[in-house]
Amino acid sequence: MNAWPRTRVAALPALLVTGLALGACATQPDAPKPAGAASAPPRMIEGPVTDPLVATYDGGLYVIDGKTLQVAADIPLPGFNRVNPAGDDRHVLVSTSTGFRVLDAVSTELKNDEFAAPKPGHVVRHAGKTVLFSDGTGVVTVFDPKDLASGGLPKGKTYTSAAPHHGVAIELVGGELVTTLGTEEKRVGVLVLDRERKEIARNETCPGVHGEAAAKDEAVVIGCEDGALLYKDGAVRKISSPDPYGRIGNQAGSEASAIVLGDYKTDPEAELERPERVSLIDTESGSLRLADLGTSYTFRSLGRGPHGEGLVLGTDGRLHVIDPEKGAVVDHVEIMAEWREPLEWQQPRPALFVRGGTAYVTDPAKRELHAIDIESRKKLGTVALPASPNELSGVVG
């Protein structure tokens, strides 16, 4: 195992926590608030929220202070909603049925400002830019998240795909835009455009293209049903899976590592495959290898630590730490009881969100949120939430 330096995260106040020691991308129509939600109102805090986290539940959003884990606000918002960092230290983007809505997580104000997008899809942050993909129109919007501070919506730049599809895009330091190719019926590959949006590369050997991750030295990995596409140094190349059907659809990258962590599924006929291996795509050698976890995981299970270590939240209730160079699990953290992934992807399941040296993990079954120091592998704290959390995100500047 690599000798990663250990930087401690301050412990959470004991009075505010308990237990001290710690794919799929579409939105759905509005739904009623669950009968199982706690009747008692959540405890609120006064003043600005520090390092905000945002968790969705069926019927709203919780804004949570990242230092104390206290619930700062309970914001009613009907429907199945998704959350992503907006790219600065203050805002989160909430994907609703009509677009990407701006949440000021520090002041806990859900604004009316919204990037209109029928079927809002992926949100990608890279090189100081945030990129939105509207599945319903194929429109890609690129903006500087610092412009959110001035109020209103940033103007940004847009690019319209040849056809609407469930896609993703990322803008690189040099202004190149890597974006997916496809239609509503079939997704086939990627297109690379220069700063003036002239085509410089394309590859259409990526069936079921889905998801992206950036690695060290501006390497970009896009998942396929039979491997992945790698864009690096102006060219796109295919990295094939060892299986005829070896689907990579969710990835986690790190600027500290040349290796991208991805999921890995091999059964195209499964109603819901519960894989126990993850993929490791080396963007320097152009190779792919698999690592056994010994437990299954979900599309909300992948993350990266501050030094590039791979993190996978398993259904065995543990956070598994992977050394990407060795291609193996080297440690784990006990967090919760064993759990089973629900068949419907919109249903709550434990989620992992990593920010700096802290991993935040939800346990919907117990309505809990945990914070773990990645370096020491110690649990920093646990807090109970009024209702079962679903998605989890936060501000990441």
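Leaving aside its neighbours within four places in sequence, Arg 355 is in contact with Asp 51, Pro 52, Leu 53, Gly 66, Tyr 360, Gly 394, Val 395 and Val 396. These contacts belong to a predicted model, and they offer a place from which to start reading it. Arg 355 itself lies in strand E28, which covers residues 352-355. Although Arg 355 is buried, it has no salt bridge, and the nearest side chain of opposite charge, that of Asp 51, is 5.0 Å away. A salt bridge requires a side-chain nitrogen of Lys or Arg within 4 Å of a carboxyl oxygen of Asp or Glu, and the distance of 5.0 Å to Asp 51 therefore does not qualify. The side chain of Arg 355 does, however, reach the backbone oxygen of Asp 51, at 2.7 Å.

The strand that holds Arg 355 leads on to a sheet. Four strands make up an open sheet in the order E28-E29-E30-E31, and their pairing is antiparallel. Its edge strands are E28 and E31, each of which pairs on one side only, while the twist from one strand to the next averages 20 degrees. Within this sheet, E30 and E31 pair in the antiparallel sense over six bridges, and Leu 369 is found opposite Val 383 in E31. In the loop between strand E30 (368-373) and strand E31 (378-384) sits Arg 377, a residue that has a positive phi of about 65 degrees although it is not a glycine. Arg 377 is classed as buried because its relative accessible area is 12%, and the limit for that class is under 20%.

One of the contacts of Arg 355 is Leu 53, and Leu 53 takes us to strand E1. Five of the five residues of strand E1 (residues 53-57) are buried, so this strand is largely enclosed by the rest of the structure. Leu 53, Ala 55 and Tyr 57 point one way from E1, whereas Val 54 and Thr 56 point the other way, and all are buried. E1 has a partner in strand E32 (residues 392-394), to which three bridges join it in an antiparallel arrangement; here the bridge partner of Val 54 is Ser 393. E1 also pairs with strand E2 (residues 60-64), in the antiparallel sense and over five bridges, with Leu 53 standing opposite Ile 64 in E2. The hairpin of E1 and E2 has two residues between the strands, and in it Gly 59 takes a positive phi near 125 degrees.

A second open sheet can be followed in a similar way. Four strands form it in the order E16-E17-E18-E19, with antiparallel pairing. Strand E16 (210-215) and E19 are the edge strands, each pairing on one side only, and the twist averages 25 degrees from one strand to the next. Strand E18 (residues 227-232) is joined to E19 by six bridges, and the two run antiparallel, with Gly 227 opposite Ser 240 in E19.

Strand E19 (residues 235-240) contains Lys 238. With a relative accessible area of 23%, Lys 238 is partly exposed, because the buried class ends at 20%. Leaving aside its neighbours within four places in sequence, Lys 238 is in contact with Thr 205, Pro 207, Cys 224, Asp 226, Ala 228 and Leu 229. Two of these residues also meet its side chain through polar atoms: the side chain of Lys 238 reaches the backbone oxygen of Thr 205 at 2.5 Å, and a polar contact of 2.9 Å joins the side chains of Lys 238 and Asp 226. Lys 238 and Thr 205 are 33 residues apart along the chain, yet their C-alpha atoms are separated by 7.4 Å.

Two loop residues complete the tour. Ser 301 lies in the loop between strand E23 (287-292) and strand E24 (302-304), and it counts as buried because its relative accessibility is 0%. A polar atom of the Ser 301 side chain lies 2.9 Å from the backbone nitrogen of Thr 298, and the side chain of Ser 301 also reaches the backbone oxygen of Leu 313 at 2.8 Å. Lys 119, in the loop between strand E7 (109-116) and strand E8 (120-126), counts as exposed because its relative accessibility is 51%. Lys 119 has a positive phi of about 55 degrees although it is not a glycine.

Key
Residues are numbered from 1 along each chain as its sequence is written. This is a predicted model: local features need pLDDT of at least 70, side-chain atom pairs count only at pLDDT 80 or more; totals for chains, interfaces and linings use all residues. Side-chain values use heavy atoms; hydrogens and water are left out. Buried means under 20% relative accessible area, exposed over 50%, partly exposed in between (1.4 Å probe, protein chains only). Lys and Arg count as positive and Asp and Glu as negative; His and the chain ends are not counted. A polar contact is a pair of N or O atoms within 3.5 Å; within protein, one must be able to donate a hydrogen and the other to accept it, and residues adjacent in sequence count only if both atoms are side-chain atoms. Contact means heavy atoms within 4.5 Å. Two strands pair if DSSP finds at least two bridges between them. Axes are lines fitted to C-alpha atoms, for helices over the stretch in contact, and angles run from 0 to 180 degrees between N-to-C directions.
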